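This report describes selected local features of one protein model. The account begins with a pair of helices and then turns to side chains, backbone geometry and cores.

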Amino acid sequence: MTIKEPDLSVILNPDALADLAAWALIEEAELTPKPGLVDRRGPGAHRDLDLETLRRSARSLRPAFRAMAEAARGRQPDQALREDLAAIGRVGEVRMMAATGGSNAHRGAIWALGLLLAGTVIAGPAGPRRIAATAAAIARWPDRFAPQSSSHGEQVRQAHGAAGARGEAQTGFPHVVAIALPALRASRAAGAAETEAQLDALLAVMASLDDTCLLHRGGRPALEAAQSGARAVLAAGGTATPAGRAALQALDADLLARWVSPGGSADLLAAALFLDRIDRSFASWNA
């Protein structure tokens with residue numbers, strides 16, 4: 001099954017939203033060149049992932065995304081909805097693991113995009129901040145049925161005091177609405193091509209986020225190297241400039257040498273692409 005950028009003329013339709021969520025994951029995966037991450041060039045700092053695996057993962061999650069959108073219809077943020085979404089997400093994760101041969105390709109993205117899907121359905125034709133705030137209101141409810149074993153991200157969050165995926169969601173996705181989306185739009189407004197604008201948005205997130213994927217695999221030194229390297233690209237004018245592209249190449253080489261990958265930042269870029277497309281569709285509705 002091929003998933004293309006969807007027609008969102010009926011934006012709150014669960015099928016359209018599911019298509020958009022899967023499209024956002026594939027769009028992020030195919031974005032090239034990303035530092036340390038899987039892209040069209042190769043697997044980056046990964047042994048169990050490549051671009052086709054990420055595409056399969058995204059496609060496998062479409063039924064879960066649709067079910068999450070459907071589950072949110074006519075609902076408000078409460079514990080029951082939080083637990084319904086989590087149960088759907090766990091089923092989606094099993095399907096994803098089967099599709100990828102056991103690789104945990106998009107676990108963080110299931111959480112982020114699932115909440116934002118539900119937030120979109122509940123908030124209706126609203127801007128990214130309101131959608132993210134609605135998602136946060138869901139995320140702050142506990143899940144009584146959550147597995148007792150913690151993820152690598154949760155272990156790193158506790159060890160390093162990082163907010164992690166849970167904290168990002170519960171505070172309204174600040175790295176998405178206050179960092180990635182403004183960077184994406186500023187680069188577009190400055191004349192950057194879409195690829196460059198998306199790369200600049202990724203780097204803006206990397207420059208600020210305590211990425212638990214980096215912390216898990218390389219500790220604080222890897223995180224600090226990624227953050228300072230991302231800031232260097234942006235300070236050089238971003239990826240649309242020769243100096244920025246040279247700085248991006250140096251950052252990529254550094255992360256590959258450390259064998260680390262900013263997977264948390266990549267998940268938040270996918271969330272930003274999702275909300276950006278939603279926002280542009282709502283704007284055309286209200287024009």
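In this predicted model, helix α10 passes α11 in a left-handed crossing. The residues of α10 that make the contact are D200, L203, A204, M206, A207 and S208, and those of α11 are A226, Q227, A230, R231, V233 and L234. Helix α10 spans residues 194-208, and its axis lies 7 Å from that of α11, at an angle of about 140°. The two helices α10 and α11 therefore count as oblique to each other, because the limit for roughly antiparallel is an angle over 145 degrees.

One residue of this contact, Q227, can be described further. Q227 sits in helix α11, which covers residues 212-235. Its relative accessibility is 9%, so Q227 counts as buried; the cut-off for buried is under 20%. Leaving aside residues up to four places away in sequence, Q227 touches M206, A207, S208, L209 and D210. A polar atom of the Q227 side chain lies 3.0 Å from the backbone oxygen of L209.

Two residues other than glycine have a positive phi, listed here with their loops and accessibility.

| Residue | Phi | Loop between | Relative accessibility |
|---|---|---|---|
| F173 | near 55° | α8 (164-170) and α9 (174-189) | 1% |
| W259 | near 55° | α12 (242-258) and α13 (263-286) | 32% |

F173 counts as buried at 1% relative accessibility, whereas W259 is partly exposed at 32%. A further backbone feature is the cis peptide bond between T32 and P33, with omega of about 5°. P33 belongs to the loop that runs between α1 (14-30) and α2 (51-60).

Which residues have the most contacts inside the largest nonpolar core? They are F65, L116, F173 and F274, in a core of 81 residues. F173 thus appears both in this list and among the residues with positive phi. For L116, the residues touched are I131, A132, A135, F173, A271, F274 and L275, not counting those up to four places away in sequence. Both F173 and F274 are among these partners of L116. Another core, of 6 residues, lies apart from the largest one and includes A29, L49, L51 and L54.

Technical notes:
Residues are numbered from 1 along each chain as its sequence is written. This is a predicted model: local features need pLDDT of at least 70, side-chain atom pairs count only at pLDDT 80 or more; totals for chains, interfaces and linings use all residues. Side-chain values use heavy atoms; hydrogens and water are left out. A nonpolar core is a set of buried Ala, Val, Leu, Ile, Met, Phe, Trp, Tyr and Cys residues joined through side-chain atoms within 4.5 Å. Buried means under 20% relative accessible area, exposed over 50%, partly exposed in between (1.4 Å probe, protein chains only). Contact means heavy atoms within 4.5 Å. Helices (H or I, at least four residues) and strands (E, at least two) are DSSP runs, numbered from the N terminus. A polar contact is a pair of N or O atoms within 3.5 Å; within protein, one must be able to donate a hydrogen and the other to accept it, and residues adjacent in sequence count only if both atoms are side-chain atoms. Axes are lines fitted to C-alpha atoms, for helices over the stretch in contact, and angles run from 0 to 180 degrees between N-to-C directions. Angles under 35 degrees count as roughly parallel, over 145 as roughly antiparallel, 65 to 115 as roughly perpendicular and the rest as oblique. A crossing is left-handed if the near helix is turned anticlockwise from the far one by less than a right angle, and right-handed if clockwise.
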